[in-house]
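Dear colleague,

Please find the structure below, handed over for your work at the bench. I would be grateful if you would read the notes beneath it with the structure open.

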Amino acid sequence: MSTKPRVQRRKYSISKRANQLSPSGIRKFFDMLASIEGVISLGVGEPDYATPWHICEAAIESLEKGQTMYTSNLGMPELRQELSRHLKNNHDLDYDPDRELLITVGVSEALDLTMRAILNTGNEVIMTDPCYVSYPPSVILAEGKPVMIPTSEEDHFEVSAADIESRITSRTRAILIGYPANPTGAVMSRDKLAEIAELARRNHLLVVSDEIYARLVYGVEHTCVAALPGMKESTVLLGGFSKAYAMTGWRIGYAAAPREIIAAMTKIHQYTMMCAPTMGQVAAIEALKSGEDSAAEMVEDYNRRRLVMVKGLRNIGLSCFEPKGAFYAFPSIRCTGMTSEDFAEKLLTEEKVAVVPGSAFGECGEGYVRCCYATSLTDIEEALLRMRRFVNKYRVA
Ligand SMILES: Cc1ncc(COP(=O)(O)O)c(C=O)c1O
């Protein structure tokens with residue numbers, strides 16, 4: 001009897017670090033969406049606009065000139081100078097372009113670098129639930145512990161200084177906030193942010209403030225945390241070009257922070273990324289120099305879409321918190337009795353509308369779905385018709 005040698009499947013060893021992360025709840029829907037035709041997507045959190053042409057042209061010109069090499073680890077000096085000017089003009093903040101600014105591969109990298117630069121094993125970072133999908137993993141990958149504070153529609157998805165204070169321990173190192181917020185569209189008032197700032201200073205904590213949606217506010221002011229009295233030295237300000245200038249694919253963001261933190265982040269950045277994409281940095285210079293008009297036009301348009309989206313969702317009978325920033329509506333789908341994941345999956349397969357289940361953003365996102373309105377009014381209106389049919393079919397309350 002011949003015995004066939006048994007083929008042993010090689011077992012790869014995957015790190016605990018990677019194993020403990022769950023795949024993003026958003027990705028799954030993108031993958032499903034790609035396999036279905038005729039889908040209206042309210043799923044992806046990115047502008048439907050192409051990058052303004054003058055910004056593309058600046059990058060094309062740089063390629064024609066052969067500007068295809070690495071840049072300084074910190075980012076091109078001209079970009080850092082423009083950024084420093086931008087932060088001065090917009091928030092009256094003085095950042096030294098050579099020591100206090102770092103150009104990164106989107107806010108995504110800036111967030112990761114921040115956590116790796118400031119956390120030791122077991123250190124805690126306080127953040128809100130729901131929140132942007134990358135916040136907890138950025139802390140976990142740095143061997144820290146995310147400490148979630150539940151927020152609710154009743155409280156406008158804002159977090160209070162008192163809520164934060166009750167979670168501070170000897171292990172707490174930072175408070176991570178992101179307003180205007182993804183997924184809720186909430187914007188925090190200056191007064192509430194000032195209370196959090198005061199709490200942070202009193203407890204010697206850093207505030208990591210993700211202000212990627214700073215330019216996308218509607219009828220309210222955005223407050224830059226670093227610009228609050230005495231906060232520049234206690235804040236890591238993260239910002240980027242993806243949303244305001246429709247530049248998601250260029251992968252440019254930045255961190256503005258005390259020099260010791262920027263120095264630590266730069267060490268990690270230089271061994272991992274080396275530098276942000278050169279072509280993207282050239283485009284970002286153009287965006288800062290001459291992109292304001294294009295940004296203003298897009299924001300005006302997002303506002304029109306926001307009003308249609310929120311009114312439409314409410315007309316369907318879904319309770320919808322009024323988003324004042326970013327480009328997301330976050331309606332409650334509780335009247336259907338479904339989980340947010342069931343709702344999103346059924347809506348996609350039955351009506352070909354893609355939304356993101358609120359549970360992808362944390363436990364407190366359950367009962368909601370995220371609808372991105374950075375898409376055409378025609379698509380928004382058609383999506384609303386389909387959602388009306390769907391909700392009417394499944395409504396239980
Ligand atoms: C709140 C928030 N922060 C950061 C990012 C990542 O932005 P970037 O494209 O600059 O990496 C996103 C992207 O959706 C976001 O919503």
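The notes below cover the ligand site and then one pair of helices.

Please bear in mind that this is a predicted model, and that the values given here are computed from it.

The ligand site

The ligand is surrounded by G106, V107, S108, Y132, Y135, N182, D210, I212, Y213, S242, K243 and R251. Sorted by class, this shell holds five nonpolar, four polar and three charged residues. Helix α5 (residues 106–118) supplies the largest share of the shell, with three residues.

Several contacts involve oxygen atoms of the ligand. A polar backbone atom of V107 lies 2.7 Å from a ligand oxygen. Side chains take part as well: an N or O atom of S242 is 2.7 Å from an oxygen atom of the ligand, and a polar side-chain atom of R251 is 2.7 Å from a ligand oxygen. Of the 400 Å² that the ligand exposes when taken alone, the protein buries 92%.

The helix pair

Helix α11 (residues 292–316) and helix α13 (residues 377–394) have axes that come within 10 Å and cross at roughly 10°. An angle under 35 degrees counts as roughly parallel, and α11 and α13 are therefore roughly parallel to each other.

On the α11 side, the contact is made by R304, R305, V308, M309, G312, L313, N315 and I316. These residues meet L377, I380, E381, L384, M387, R388 and V391 of α13. By class, the contact between α11 and α13 comprises nine nonpolar, two polar and four charged residues.

With kind regards

Technical notes:
Residues are numbered from 1 along each chain as its sequence is written. This is a predicted model: local features need pLDDT of at least 70, side-chain atom pairs count only at pLDDT 80 or more; totals for chains, interfaces and linings use all residues. Side-chain values use heavy atoms; hydrogens and water are left out. Axes are lines fitted to C-alpha atoms, for helices over the stretch in contact, and angles run from 0 to 180 degrees between N-to-C directions. Helices (H or I, at least four residues) and strands (E, at least two) are DSSP runs, numbered from the N terminus. Angles under 35 degrees count as roughly parallel, over 145 as roughly antiparallel, 65 to 115 as roughly perpendicular and the rest as oblique. Contact means heavy atoms within 4.5 Å. Ala, Val, Leu, Ile, Met, Phe, Trp, Tyr, Cys and Pro count as nonpolar, Asp, Glu, Lys and Arg as charged, and the others, Gly among them, as polar. A residue is near a molecule or strand if one of its heavy atoms lies within 4 Å of it. A polar contact is a pair of N or O atoms within 3.5 Å; within protein, one must be able to donate a hydrogen and the other to accept it, and residues adjacent in sequence count only if both atoms are side-chain atoms. Accessible areas come from the Shrake-Rupley method with a 1.4 Å probe; for residues, only the protein chains shown count as cover.
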